[in-house]
Amino acid sequence: MQLAQTYSNASALTHLGQTKALMLAVLSEDDRNVFMSETHLVGGEEKAVIDMTSRELAAAIKERDEALKAVEQAKAGQTAAEQAREKMAADMAMANERVAGLNDLVERYSAEALERQETLAQVTAELEALKSRPVEVAVEADHAAVEAARKEAEAVMRAQVDQAEAAQKKARANLMELSSALQRAKLEREQAEVELRKQLAQAEKKAALASNEDLVLFNALFEQVQELVNKMGGVLLKVRPKDPEKARGLSKALLALSEKIQEEAGHE
């Protein structure tokens with residue numbers, strides 16, 4: 001009843017047989033029709049579904065599922081690559097904005113430090129001029145009062161010099177601190193750019209594979225073979241001390257597999 005409900009074409013059931021029909025029933029109707037209309041590589045030979053054994057059909061269905069999964073993963077890689085590009089652009093924009101802001105501040109603080117330097121030079125010169133200026137007073141002038149006034153003027157001028165010197169030191173300290181922050185920001189931007197470009201290159205490499213379904217399938221199968229070979233190697237290590245004779249047989253099997261892989265790799 002399940003097969004009758006699944007297959008609208010009764011002749012398909014007749015040609016496939018119950019076992020293979022049940023195996024194909026897990027696919028959607030559209031996927032099943034496409035799968036049955038195509039030939040599949042089985043043991044190095046192209047075969048139609050109707051000509052496959054049940055075991056060969058199971059392997060072909062499994063390979064199809066793995067290929068579809070690999071394609072989905074590759075599409076996810078494409079999405080990740082696009083997100084990586086967007087993140088890189090956003091992060092670099094923020095880094096550039098921060099560096100630009102610090103550059104503006106450095107220019108402003110540089111101008112302020114120069115202004116403080118000029119002010120200090122001016123008031124220092126005025127103080128020295130005041131010290132060396134001759135005192136011209138009338139004969140009846142009170143020399144003590146004149147000297148007191150002179151010292152008071154020098155004290156006022158000295159306070160101005162001290163204030164200008166303190167302001168100039170503070171401006172230079174601010175400028176040095178800001179310059180250091182600017183250098184750190186530039187270095188952080190460079191390091192971030194290197195890391196982001198590395199991540200982007202990896203993401204784009206994965207995305208590039210998605211454009212070729214054959215490569216996607218090859219990579220998926222290659223990873224499976226690697227995993228299987230590692231597992232077989234682990235089994236061989238366990239068997240070797242217990243049964244050297246069987247271990248030699250397993251080693252020969254692995255070598256035969258290796259030769260088969262070399263043979264396939266050597267095909268033009």
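**Cores, a strand pair and a surface patch**

Let me begin with one position, Val42, which stands opposite Glu45 in strand 2. What we have here is a predicted model, and I will build the picture outward from that residue. Strand 2 covers residues 45-48 and pairs with strand 1 in the antiparallel sense, over four bridges. Within strand 1, which runs over residues 39-42, the side chains alternate, so to speak, between two faces: His40 and Val42 point to one face and are buried, whereas Thr39 and Leu41 point to the other and are not.

Val42 also takes us into the interior, since the largest nonpolar core counts Val42 among its 11 residues, together with others including Leu16, Phe35, Met52 and Ile61. Two helices, helix 3 (18-24) and helix 5 (54-132), each supply at least two residues of this core, and helix 5 gives the most, with three residues. There is also a second, separate core, made of nine residues, among them Val106, Ala113, Leu178 and Leu182. As background, nonpolar side chains tend to be buried together in soluble globular proteins.

Now, where on the surface do we find nonpolar side chains forming a patch? The residues are Val225, Leu228, Val229, Met232, Leu257 and Ile261, which together have about 450 Å² of accessible area. Helix 7 (213-242) and helix 8 (244-265) each supply at least two residues of this patch, with the largest share, four residues, coming from helix 7. Leu228, to take one of the patch residues, lies in helix 7.

Conventions. Residues are numbered from 1 along each chain as its sequence is written. This is a predicted model: local features need pLDDT of at least 70, side-chain atom pairs count only at pLDDT 80 or more; totals for chains, interfaces and linings use all residues. Side-chain values use heavy atoms; hydrogens and water are left out. A nonpolar core is a set of buried Ala, Val, Leu, Ile, Met, Phe, Trp, Tyr and Cys residues joined through side-chain atoms within 4.5 Å. Buried means under 20% relative accessible area, exposed over 50%, partly exposed in between (1.4 Å probe, protein chains only). Patches are made of residues with over 30% relative accessible area and no salt bridge: like charges are joined within 9 Å, nonpolar side chains (Val, Leu, Ile, Met, Phe, Trp, Tyr) within 5 Å. Accessible areas come from the Shrake-Rupley method with a 1.4 Å probe; for residues, only the protein chains shown count as cover. A salt bridge is a side-chain nitrogen of Lys or Arg within 4 Å of a carboxyl oxygen of Asp or Glu. Two strands pair if DSSP finds at least two bridges between them.
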